[in-house]
Amino acid sequence: MAINLDVIVFGSCIMDFISYVPRLPQVGETIHGTRFTTGFGGKGGNQCVAAARLGSQCAMIAKLGQDSWGQAYREHLQKENIDITHLSLIENQSTGIAQINVSESDGANHIVITVGANNSLDTKNAIDAVELMARAKVLVCQLETPIDATISALKHFSGVSILNAAPAPLNTSSDLLKLPTIFCVNESEATLITGMSVVNITKAKEAICLLQEKGANIVIITLGKDGAVFSEKSSSGYFHLNIDPVTACVDTTGAGDAFIGALAHLISKLGFTEYPIGQLIGGACEIASITVGLLGTQTSFPRMSNFEDQVLNKKYNIKAI
């Protein structure tokens, strides 16, 4: 008997190679790292694991290399109780990797990805997974895999869809803006996509206005320690969600993915129209704030039961702007 799903993720799985450094190096500079570790990453895998650890029934549509890293990642997803029916290991392709430097002084990072087998995810994979997608409440996509495949997945999904438009494309197609229910980026990605310098709350509001003029529906711009700015196109309002200060930020890697995974989880469990979107964004920010206080990517994602019930009983600091 087919099991209904809460969240299905169409996207990337990448191995993280993480170096912790006293500070991020300047261009052309060589510095000594203090510690090295490997971990499971990639925006798609991160977002899927984040949702699963909060209690969502999840599935992952992705490509890995037929190498030791690909085998390890596949086993990891199985241990997280994620459906991998549509996850494939590709011959003569390497599993994607990310080279990550994390500053020990403030948790900031530099990331370079080589996507490898992720480039093999194509439109046919989206079409082949239509039956699986029909059983899910929420679809999550990103842009570490080919854009035409992502567009195909969005077109074939009838539920609530979230596009985390990262890495940011320099020329964003109208489909990427119009198809997803929710279009979410951080401030640097919003800057690249809109051509505006999104450096504060006011500029984030202006960027959202521009994105909605181009066809986007609900837009969220995450601002790190400054929370998030969001707007539902139908309401014509702009709102800022302020978050409590994080006492100790040690590693920001994966915080944005934890936000997306938590948001998908909350939408799947609480519904999309029953509660204000700001309440769900507040809960997602809360999960992201937890992760920056811990080292690593998926290793920092919390396992929590009934998190959605906790979110309903909280009052978040949301103001119209």
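User: Which residues of helix 10 are met by helix 9?

Analyst: Happy to walk you through this predicted model, where local features need pLDDT of at least 70, side-chain atom pairs count only at pLDDT 80 or more, and totals for chains, interfaces and linings use all residues. Residues are numbered from 1 along each chain as its sequence is written, and side-chain values use heavy atoms, with hydrogens and water left out. Helices (H or I, at least four residues) and strands (E, at least two) are DSSP runs numbered from the N terminus, and contact means heavy atoms within 4.5 Å. On the helix 9 side sit Ala255, Ala258, Phe259, Ala262, Leu263, Leu266, Ile267 and Leu270, and they meet Leu280, Ile281, Gly283, Ala284, Cys285, Ile287, Ala288 and Thr291 of helix 10.

User: How many residues of that contact between helix 9 and helix 10 are nonpolar?

Analyst: Ala, Val, Leu, Ile, Met, Phe, Trp, Tyr, Cys and Pro count as nonpolar, Asp, Glu, Lys and Arg as charged, and the others, Gly among them, as polar. In the contact of helix 9 with helix 10, no residues are charged and two are polar, while the nonpolar ones number 14.

User: At what angle do the axes of helix 9 and helix 10 cross?

Analyst: Axes are lines fitted to C-alpha atoms, for helices over the stretch in contact, and angles run from 0 to 180 degrees between N-to-C directions. The axes of helix 9 (residues 255-270) and helix 10 (residues 277-291) come within 8 Å, and they cross at roughly 140 degrees.

User: Is histidine 265 buried or exposed?

Analyst: Histidine 265 is part of helix 9. Buried means under 20% relative accessible area, exposed over 50%, and partly exposed in between (1.4 Å probe, protein chains only). With a relative accessible area of 0%, histidine 265 is therefore buried.

User: Which residue shares a polar contact of 2.9 Å with the side chain of histidine 265?

Analyst: A polar contact is a pair of N or O atoms within 3.5 Å; within protein, one must be able to donate a hydrogen and the other to accept it, and residues adjacent in sequence count only if both atoms are side-chain atoms. Leaving aside neighbours within four places in sequence, histidine 265 is in contact with residues including Val7 and Ala51. The side chain that joins histidine 265 at 2.9 Å belongs to glutamate 308.

User: Which residue of strand 4 is the bridge partner of valine 9?

Analyst: Two strands pair if DSSP finds at least two bridges between them. Strand 1 and strand 4 (residues 58-65) pair in the parallel sense over four bridges. In strand 4, valine 9 has as its bridge partner methionine 60.
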